[in-house]
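Hi,

Here is the structure I said I would pass on. Have a look, and my notes follow underneath.

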Amino acid sequence: MVATVKMDQVKSRYDDFLESRKTIVISSQDSDGHPFISYAPFVKHEGKLYIYISAIAEHYDFIEQNETIQIMMLADEANTKNLFARERLYLRCQAKNIGNDNLEPLFAKMEAIHGTSLIRLLRTIDMSIFELTPQAGRYVIGFGQAFTVDFASGELEHIVVNKK
């Protein structure tokens with residue numbers, strides 16, 4: 001018997017989870033096609049995600065050269081009852097380096113979330129903003145509780161696997 005999923009509660013939990021995350025794990029590929037994993041702080045703005053990374057960071061070139069990346073947001077381990085069922089969100093994204101010019105609304109949001117003095121300091125060095133446009137995703141709450149995600153619309157659909 002399959003338990004009934006209350007989608008309004010799932011959606012509320014998803015929204016809260018997304019709003020509470022400040023960093024993402026990034027999966028990209030190096031110039032030889034090998035996987036590379038990194039992370040970055042991010043902000044959500046007008047249906048997209050934005051990261052601010054240094055040109056000397058390894059993942060800068062990997063993201064710039066392979067516009068499709070995978071990202072993941074994770075619940076804190078300390079707040080997870082069962083690490084096999086850790087709450088998480090995966091998103092496949094198109095990434096685009098949009099530089100630093102004429103992006104004051106993004107910088108204001110970054111300052112509000114990550115600190116004014118830090119973001120102002122970072123603006124004086126070799127940093128660029130990458131715009132991440134989520135294409136497809138999956139939100140996992142726990143065992144038997146996985147959902148496809150349409151990031152742009154915020155729509156979730158329960159994934160049901162018939163094991164018979």
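Let me begin with Thr80, which sits in the loop between strand S4 (68-74) and strand S5 (88-99). Keep in mind throughout that this is a predicted model. Is Thr80 buried or exposed? Its relative accessibility is 16%, and buried means under 20%, so Thr80 counts as buried. A polar atom of the Thr80 side chain lies 2.8 Å from the backbone oxygen of Asp76. If you leave out neighbours within four places in sequence, Thr80 is in contact with Ala75 and Arg86.

Next, the strand I kept coming back to, S6. Strand S6 covers residues 127-142, and twelve of its 16 residues are buried, so the rest of the structure largely encloses it. Which strands pair with S6? Here is what I have:

- S3 (residues 48-54) runs antiparallel to S6, joined by six bridges. Tyr50 has Glu131 in S6 as its bridge partner.
- S5 pairs with S6 over eleven bridges, again in the antiparallel sense. Opposite Cys93 you will find Pro134 of S6.
- S7 (residues 145-150) and S6 share five bridges, also antiparallel. Gly142 is partnered by Gln145 in S7.

S6 and S7 also make a hairpin, with two residues between them. Check Gly144 in that turn if you look at backbone torsions: its phi is positive, about 70 degrees.

Then there's the helix. H1 runs over residues 7-20, which makes 14 residues, and its first and last C-alpha atoms are 20 Å apart, close to the 20 Å expected at 1.5 Å a residue. Val10, Tyr14, Phe17 and Leu18 are the buried ones to look at in H1. They span an arc of only 95 degrees around the axis, which means that they lie on the same side of H1. As background, an α-helix has 3.6 residues a turn, so residues three or four places apart point the same way. On the face turned away from the buried side, H1 carries the exposed residues Asp8, Gln9, Asp16 and Glu19. What do the buried residues of H1 pack against? Strand S2 (35-45), S4, S5, S6, S7 and S8.

On to the nonpolar cores. The largest has 29 residues, and those touching the most other members are Ile51, Ile71, Leu89, Leu132 and Tyr139. There is also a second, separate core of eleven residues, with Tyr50, Tyr52, Leu103 and Leu106 among them. So the Tyr50 that bridges to Glu131 in S6 turns up in this second core.

Tyr139 is worth a click. Sequence neighbours within four places aside, its contacts include Val10, Tyr14 and Phe17, which are buried residues of H1. Tyr139 is also in contact with Arg13, Glu87, Arg88 and Leu89, and with Gln145, Ala146, Phe147 and Val149.

Last one: Ile159, in the segment after strand S8 (155-158). Ile159 is partly exposed, at a relative accessible area of 23%. Outside its neighbours within four places in sequence, Ile159 is in contact with Arg138, Ala146, Phe147 and Thr148. Ala146 and Phe147 appear in the contacts of Tyr139 too. For a distance check, Ile159 and Met72 are 18 Å apart, C-alpha to C-alpha, and 87 residues apart in sequence.

Cheers

Methods. Residues are numbered from 1 along each chain as its sequence is written. This is a predicted model: local features need pLDDT of at least 70, side-chain atom pairs count only at pLDDT 80 or more; totals for chains, interfaces and linings use all residues. Side-chain values use heavy atoms; hydrogens and water are left out. Helices (H or I, at least four residues) and strands (E, at least two) are DSSP runs, numbered from the N terminus. Buried means under 20% relative accessible area, exposed over 50%, partly exposed in between (1.4 Å probe, protein chains only). Contact means heavy atoms within 4.5 Å. A polar contact is a pair of N or O atoms within 3.5 Å; within protein, one must be able to donate a hydrogen and the other to accept it, and residues adjacent in sequence count only if both atoms are side-chain atoms. Two strands pair if DSSP finds at least two bridges between them. A nonpolar core is a set of buried Ala, Val, Leu, Ile, Met, Phe, Trp, Tyr and Cys residues joined through side-chain atoms within 4.5 Å. The expected span of a helix is 1.5 Å times one less than its number of residues. The arc is that of the directions from the helix axis to the C-beta atoms.
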